[in-house]
Every structure is written in C-alpha cells, then in structure tokens.
Amino acid sequence: MPTNQMSRALEPALVQGESGSGKPSSALTLTAALLGFGLTCLDASVVNVALPTIGSSFGAGMSGLQWVVDAYTLAFAALMLSTGAFSDRAGASRAYALGTAVFTLASVACGLAPGLPALVGARVVQGVAAAVVLPASLALVRQAYPEPARRARAVAAWAAGGSLAVALGPVAGGALTTAWNWRGIFFVNVPVGAVILLLLLRAPRSRPRPAPLDLPGQLTAVVALAALAFAVIEGGTAGLAAAPVAVAAGAAFLRIEARQAHPVVPLGLFRDRTVATAVAAGSAVSVAFYSMVFVFSLFFQQVQHHSALYAGLLFLPMTSLIAVTNVVAGKLTGRYGPRLPMLVGQPVAAAGLLVLLCVDASTPPVLVALLLIPLALGCALTVPPLTAAMMDAVPAERAGLAAGVLNAARQVSGGLGIAVFGALVASGFETGMRLSLVTGAALLTVTFALSFRLSGRSASRA
C-alpha cells in the first residue's frame, strides 16, 4: 500500500541530478515516473486473481502458484535494498530506462512462457527490474521539480498512482483473464513500457554520483530469502535441505552487515525501539493484507467457483478505500502523533481477520467482500503513522535508507506470508484459511502491544 508519507520519506535522500523545473519535459517526466511506479505496484497484485487459470493452464499445484507470486515479490524486496544506490551511481534517468526496458521484456517472456518454470524465471527478472524502477522513478520526480511546493504536489501524484494501481490490480487481473486469458495480464505491460521509454526521451538527464554498494550483504540476503521461501513452499525433503542454507546465509548476512562500513541494512537502526516497532508493525500488516488477498483470490475461484472477473470485482470495496484511508491516517498522525492511529488501526485489522473466521463455501460472496473491508481499513490506517514514526526516529540524512529498509521488510514479510499461508491452505483449504486468519490476527495483536512504546506526541508538538 503506497502512501504519500512513504514517498515524502524517501525524497530527501534522492539524488537531485540536473534540474528540469520550468521545462515542458517536467510534466512528461512525472507521467513517465508515475506509469512505471504504477506498473511495479500493479504486477504485485494483478496476478493473484489469475492464479487458478495459470494453475489450470500448466497443471500447477499450490506450490507452483505460490512461486508465481513470490518470485516477483521476493526479488523485488531483496534487491530494493541496493537499487537506490545503483540508481545514484548510474543516474536516475539511465537506471529508470534500463529497469523499464528489462521489465517490459520480462513481461513479454511471462506472457509467452511455455511452462511454469519459464514463467517463474521471468517473474524473477520482473522483480529485479521493478526494484530498479521504484527508486529511480521517485528520483526522476525529485530532479524534475526542484521547487518544494511543486515537488510536493508531484510526489503526491506519484504516490496516488501507486495506490490506484494497488486498488485496480485485482479488478484488472480478473477483467484481462476473462476477456483474454492469463497471458494478457503481462502483455498489457508492453505498450505501457513503450510509452514510458518514449516519454523518457524528453526527460532531463541525471548526473551520476558515487554511492557505495554492499554486494556481499546483498548476495547473502538474496540467498537467505530464496532458501527460506523454498523451505516453506516446497516442504518435504527439499525443504529440509534448504532450511540450513537459509540459516547459514542469514548468519553470514548478519556478520557482514555488522562489519561493513556501508551496509545495506544498518543493524544499529534496530537498537531504536521506535524503528524496531515500526518495522515489526509494517511487517505484520503486510502479512495480513497481501496474504489474505492471495488466499481469498483462491477462495472465490477454487472454493466458491466464481469467474476471475467476478473475483476481481469482489476486492474492489476493500481496495478502493485504501487511498482515502491513507490520507485520513496521515492527517491523524500529524495531529495526534503516530501512536493513536496505530493503536486504532491494528486492532481493527485484527478484528477484521477474526470476523472472517465465519466464512465458508456457502457464505454469499458479496458478504465476504464486505467482511474484507475492516482488514483493509485497519491496514491502511496503520501504514502512514508507522512510516512517519520511523522517519521521525532517524536523522534526515538516513531517511532514504530507513525507508528502503522498511519497505523491503514489508515486501519480504508479505512474500513469506503468502508462502506460509499457501502451504496451510494446500493441506485443506477452509481449515488452512482459518489458521491463516488466526495467525495474522495474532501477529497484529503482538505489534499492537509493541505500539504502546511509541511517543504519543505529534511531530509538530515534538
């Protein structure tokens, strides 16, 4: 769930490059940045509704469908730790063009995939490219609008584009799968990618600047996350063999980060209880939200046997309220501080999960769609204040780094949540679904208790 607060947090640490203020290309640069950011958000959610059709096409089981989602999400999240620095080193415009081109070609490969392994491999490449596109897109906005007032409006538009993409993802996935087939959800990226590359011809060129890269830390993070996801999704003998690899790579990552002069994840950040609480709460919210979209996409189609289009439309009530609730949460945070909206949002989301325990195969689908709304409202009410709390807890010069860590943690948690809950529903859908709901509610209850440690003051009063 992208937010205006997240984008404002990232903005101070971005490379300024060469100014494009006052030039006709500024609006075109913003359009290009917004389209790219929207694509990366859309591809994180559009595929969920198409999963049953993909499974039927390839004869794939639950583990295969989980990889279709997590191959993108985990690659996106893991590499996001370093791609901000890569964008600085290459120049935002060059990095953005490269990321967009690779993302577009990977989308073609997804659409043409002859089998599940090819699709999963192409999704990994999509995730890598998306990790480059996201920070570079915001850097382009920063350089095109150096005046603070105009930049604030531009960044708000950029963030709104991401929120709209998240809201429309399930509906777009259902419509494209029904009107065309599942391959359409990937082919639709091609004309958008072409438009972005054409718009970039008018964008100001960014000036590269030195930025340290922690390649050993990044490599061990990727290995640890991939092995952990493999262990959870595949299970059995293969999963048991992957578990020690995940543990060893995780230990190596922590050792490297403790000794690096410029680590991708400064471990010292987590000594601050506000930072630790914000990351924990953000992770719990991502597990609850993204995992439930995955589970209920399958529920509507595999258990209740509705079409992909109808399943996508059933998510519209919950997703359409996210952007509005984000704005309300931002205002509450500015007035009362982050603790109050977080203490309201997390129990609302947890209660929303517990209410869904009454759902079974005979529950009217429209009622299920309405019961999903409290989960969305609670999560959308929680994310802006936890982001603001984390940004207030770190020095201004580390805002971009801290926001990258928070966003990566949320994406990783969402991906691992899908892996765990997918494994649960694979052994018996309704029983696994209820266990998933209880697990998500328990995580939110823990982070709700941790949130009492946050300051109750607003930023202005502090």
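**Note on helix 11, a pocket and a cavity**

1. Helix 11 spans residues 273-303, 31 of them, and covers 43 Å between its first and last C-alpha, close to the 45 Å expected at 1.5 Å a residue. (The expected span is 1.5 Å times one less than the number of residues; helices are DSSP runs of H or I with at least four residues, numbered from the N terminus.) Keep in mind that this is a predicted model, where local features need pLDDT of at least 70 and side-chain atom pairs count only at pLDDT 80 or more, while totals for chains, interfaces and linings use all residues. Numbering runs from 1 along each chain as its sequence is written, and side-chain values use heavy atoms, with hydrogens and water left out.

2. Now the ends of that helix. At its start, a side-chain oxygen of Asp272 comes to within 2.8 Å of the backbone nitrogen of Thr274. Just after helix 11, His305 has a positive phi of about 60°.

3. Helix 11 is mostly covered, with 27 of its 31 residues buried, that is, under 20% relative accessible area with a 1.4 Å probe, protein chains only. Phe296 is one buried residue, at 0%, and Phe299 is also buried, at 0%.

4. Have a look at the rings too. The whole structure has 11 aromatic pairs (ring centres of Phe, Tyr or the six-membered ring of Trp within 6.5 Å; planes under 30 degrees apart are stacked, over 60 edge-to-face, the rest tilted). Phe296 and Phe299 have centres 5.7 Å apart and planes at 65°, so they pair edge-to-face. Those two sit three residues apart in helix 11, and are therefore separated by about one helical turn. Together with Phe300, Phe315 and Phe429, Phe296 and Phe299 form one aromatic cluster.

5. The second largest pocket holds about 480 Å³ of space. Of its 20 lining residues, Leu81, Leu225, Phe253, Val265 and Val412 are the closest to the centre. (A pocket is an open set of points on a 1 Å grid, with protein on both sides within 12 Å along at least five of seven lines; a cavity is a set where a 1.4 Å probe fits but cannot get out; lining residues have an atom within 4 Å of a point.) Helix 18 gives the largest share of this lining, five residues. The lining divides into 19 nonpolar, one polar and no charged, with Gly counted as polar.

6. There are two cavities of 30 Å³ or more. The second largest has a volume of about 40 Å³, and its lining is Gly36, Leu39, Thr40, Thr100, Phe103, Val133 and Ile196. Helix 2 contributes the largest share, three residues.

Terms used
Buried means under 20% relative accessible area, exposed over 50%, partly exposed in between (1.4 Å probe, protein chains only). A polar contact is a pair of N or O atoms within 3.5 Å; within protein, one must be able to donate a hydrogen and the other to accept it, and residues adjacent in sequence count only if both atoms are side-chain atoms. Grid points are joined across faces, edges and corners, and a volume is the space filled by probe spheres set on the points.
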